[in-house]
Amino acid sequence: MSYLPFAVAGWLFFVGLYGVVTSRNYIHLTVCLTVMQSSTYVVLLAIGYRNGATAPIFAGISRSAKTVDPVVQALTLTDIVVSVTMTALILALALDAHDDAGTVDPDELAGFEG
């Protein structure tokens, strides 16, 4: 088993986390959270991967054939849907904050009362 996907996922996570911690803009924060979320796709797909395995379509193949785990693929698709929903919500809130306060800087919005 190769550990390269896990190393890539770790780097993606920590680059995204660094961006979240240092972000001074809600749009930048959203992009960094998306990068962090991408690391979970890599981890999930690396867990379900099998060398020499086929797609998880079980019609017409023997029971002893190696296939990729379909549950992990379903979890990855669910993770993508959650990520898109989270991104849309944060961007909508950032747009609303910009309309009300004229800025998307968290420091300037901290003292704003709507």
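1. In this predicted model, helix 1 crosses helix 2 with a left-handed sense. Helix 1 covers residues 4–22 and helix 2 covers residues 26–48; the two pack at an angle of about 165°, and their axes lie 8 Å apart. Because angles over 145 degrees count as roughly antiparallel, helix 1 is roughly antiparallel to helix 2.

2. If you would like to display that contact, here are the residues to pick. From helix 1, take Pro5, Phe6, Ala9, Leu12, Phe13, Gly16, Leu17, Gly19 and Val20. From helix 2, take His28, Leu29, Cys32, Leu33, Val35, Met36, Ser38, Ser39, Val42, Val43, Ala46 and Ile47. Sorted by class, the contact of helix 1 with helix 2 holds 16 nonpolar and 5 polar residues, with no charged ones.

3. Next comes the pairing of helix 2 with helix 3. Helix 3 spans residues 70–101. Helix 2 and helix 3 pack at an angle of about 175°, and 10 Å separates their axes. Helix 2 is therefore roughly antiparallel to helix 3.

4. Which residues make the contact between helix 2 and helix 3? On the helix 2 side they are Tyr26, Ile27, Thr30, Leu33, Thr34, Gln37, Thr40, Tyr41, Leu44, Leu45 and Gly48. On the helix 3 side they are Val72, Leu75, Thr76, Asp79, Ile80, Ser83, Met86, Thr87, Ile90, Leu91 and Ala94. By class, the contact of helix 2 with helix 3 has 13 nonpolar, 8 polar and 1 charged residues. Leu33 is listed for helix 2 in the contact with helix 1 and is also listed in the contact with helix 3.

5. Thr76 is a nice residue to zoom in on. Thr76 sits in helix 3, and its relative accessibility of 6% makes it buried, because the cut-off for that class is under 20%. Setting aside neighbours within four places in sequence, Thr76 touches Tyr41, Leu44 and Leu45. Those three residues appear on the helix 2 side of the contact with helix 3.

6. Is Ile90 buried or exposed? Ile90, another residue of helix 3, is buried, with a relative accessible area of 19%. Please keep in mind that the class boundary is 20%. Apart from neighbours within four places in sequence, Ile90 is in contact with Thr30 and Leu33. As for Phe14, that residue and Ile90 are 76 residues apart in sequence, and their C-alpha atoms are 20 Å apart in space.

7. Leu91 follows in helix 3. At 34% relative accessibility, Leu91 is partly exposed. Beyond neighbours within four places in sequence, the contacts of Leu91 are Ile27 and Thr30. The C-alpha atoms of Leu91 and Ile27 are separated by 6.8 Å, although their positions lie 64 residues apart along the chain as the sequence separation. Thr30 is therefore a contact of Leu91 and of Ile90 by the criterion of heavy atoms within 4.5 Å.

8. How many salt bridges does a search of the whole structure find? The search returns 1, formed by the side chains of Asp107 and Arg24 at 2.8 Å, N to O. This pair links distant parts of the chain: Asp107 belongs to helix 4 (residues 106–110), Arg24 belongs to the loop between helix 1 and helix 2, and the two are 83 residues apart. Asp107 counts as exposed, at 51% relative accessibility, whereas Arg24 is partly exposed, with a relative accessible area of 44%. For Asp107, the relevant class begins over 50%.

9. Lastly, a look at the loop between helix 2 and helix 3, where Thr54 is placed. Thr54 is partly exposed, at 40% relative accessibility. Leaving out neighbours within four places in sequence, Thr54 is in contact with Lys66, Thr67 and Val68. Thr54 and Asp69 are 15 residues apart in sequence, and the C-alpha to C-alpha distance between Thr54 and Asp69 is 9.7 Å.

Methods:
Residues are numbered from 1 along each chain as its sequence is written. This is a predicted model: local features need pLDDT of at least 70, side-chain atom pairs count only at pLDDT 80 or more; totals for chains, interfaces and linings use all residues. Side-chain values use heavy atoms; hydrogens and water are left out. Axes are lines fitted to C-alpha atoms, for helices over the stretch in contact, and angles run from 0 to 180 degrees between N-to-C directions. Helices (H or I, at least four residues) and strands (E, at least two) are DSSP runs, numbered from the N terminus. Angles under 35 degrees count as roughly parallel, over 145 as roughly antiparallel, 65 to 115 as roughly perpendicular and the rest as oblique. A crossing is left-handed if the near helix is turned anticlockwise from the far one by less than a right angle, and right-handed if clockwise. Ala, Val, Leu, Ile, Met, Phe, Trp, Tyr, Cys and Pro count as nonpolar, Asp, Glu, Lys and Arg as charged, and the others, Gly among them, as polar. A salt bridge is a side-chain nitrogen of Lys or Arg within 4 Å of a carboxyl oxygen of Asp or Glu. Buried means under 20% relative accessible area, exposed over 50%, partly exposed in between (1.4 Å probe, protein chains only).
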